[in-house]
Amino acid sequence: MTAAVDTVAAARALATAPPDAILAWGAAHLPKLAFATGFGAEGCVVIDLVARAGLPIDLFTLDTGVLFPETYALWHQLEARYGVTIRRVESPLSLAAQAAAHGDELWARDPDRCCELRKVGPLAVALAGWDGWVTAIRRDQSAARATAEPVEHDERFGLVKVNPLVAWTHEQVWAYIAAHDVPTNPLHARGYPSIGCAPCTSAVIPGEALRAGRWRAHAAKTECGLHEARKADAS
Ligand code: SF4
């Protein structure tokens, strides 16, 4: 059962609210609220905010099976640092089963299909029956995210989406991390401002967009599909 929330009114009321207030609003209005983290710098900030405030927000991650070793290490580091459990959500299709059904390295030939199988589909299952989900997206990360609101209706998954960092800049995120000594992925210091699955993430060079290293071989692909409105050809 999805909680009855006027997302337009909430977005208006929270337009200039800081991230902790947006999260607190979500926890107060959405009894079943989950945060799906990909362990990016922004996600680590959200985990810090949730833990610091003791908010009853479920934490989970989509484990595609091909994350960087540094990301798996960060997962455990965050759990230890904050005394929380970050649940693993996986595709029912193992990597071996995916290779058998679709060929080896599907991500290299059809990353949209691979993201659907390993991320979007499992997320839809994981969010079924929840009132809302928290994300760590920011408006200035990409054109697709430029119109995101602090609270919005998520058409794709049919629930409320809470975006506490939506108005923050890259610099604000890193200032918070420094001020609160938040654990982050060591790959950031090696030229990876945005980190996803290992086969689909490369380092960026100075001057490139922060997400330029994601799906570099597929120029038209900028999102895994988790934050896009439902499309007819989404599968
Ligand atoms: S980011 Fe790459 S490896 Fe990960 S699910 Fe998407 S296509 Fe597959």
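**Exercise 1. Work out what surrounds the ligand in this predicted model.**

Start with the residues that come nearest: of the 13 around the ligand, these are Trp-107, Cys-114, Cys-115, Cys-197 and Cys-200. Next, ask which element gives the most to this shell. That's helix H7, residues 111-127, with five residues. Finally, sort the shell by character: nine residues are nonpolar, two are polar and two are charged.

**Exercise 2. Find how E6 pairs with E4 and with E5.**

Take E4 (residues 132-134) to begin with. It pairs with E6 (residues 159-162) in the parallel sense, over three bridges. For a landmark, look at Val-134, which stands opposite Val-162 in E6.

Now go to E5 (residues 151-154). Four bridges join E5 to E6, and these two strands run antiparallel. Here you can use His-153, whose bridge partner in E6 is Val-160. Then check the turn: the hairpin of E5 and E6 has four residues between the strands, and Gly-158 takes a positive phi near 70° there.

**Exercise 3. Decide where the buried residues of H2 sit around its axis, and what covers them.**

First, pick out the buried residues in H2 (residues 19-29): Pro-19, Ile-22, Leu-23 and Gly-26. They span an arc of only 95° around the axis, so they lie on the same side of H2. Then look at what packs over them: the cover includes strand E1 (33-36), helix H3 (41-53), E4 and E6.

**Exercise 4. Locate the residues with the most contacts inside the largest nonpolar core, then follow Phe-35.**

The core has 52 residues, and the ones with the most contacts inside it are Ala-34, Phe-35, Val-45, Val-46, Trp-133 and Val-134. Now zoom in on Phe-35. Leaving out residues up to four places away in sequence, Phe-35 touches Val-46, Val-50, Ile-57, Leu-59, Trp-133 and Val-134.

**Exercise 5. Glu-105 has a positive phi, and so has Asp-181. Say where each one sits and whether it is exposed or partly exposed.**

Some background to begin: most residues other than glycine have a negative phi.

Glu-105 isn't a glycine, yet its phi is about 50°. You'll find Glu-105 in the loop between helix H5 (95-102) and helix H6 (106-109). Count its C-beta neighbours inside 10 Å: there are 14, so Glu-105 counts as partly exposed.

Asp-181 isn't a glycine either, and its phi is also about 50°. Asp-181 belongs to the segment after helix H8 (170-180). Its count is 9 C-beta neighbours inside 10 Å, so Asp-181 counts as exposed.

Conventions: Residues numbered from 1 in each chain as written. Predicted model: local features only at pLDDT ≥ 70, side-chain atom pairs only at ≥ 80, totals over all residues. Near = placed C-beta within 6 Å. Nonpolar A, V, L, I, M, F, W, Y, C, P; charged D, E, K, R; others polar. Pairing = 2+ DSSP bridges. Buried ≥ 20, exposed ≤ 12 C-beta atoms within 10 Å, placed from the backbone. Arc of directions from axis to C-beta. Contact = placed C-beta atoms within 7 Å. Core = buried A, V, L, I, M, F, W, Y, C linked by C-beta atoms within 7 Å.
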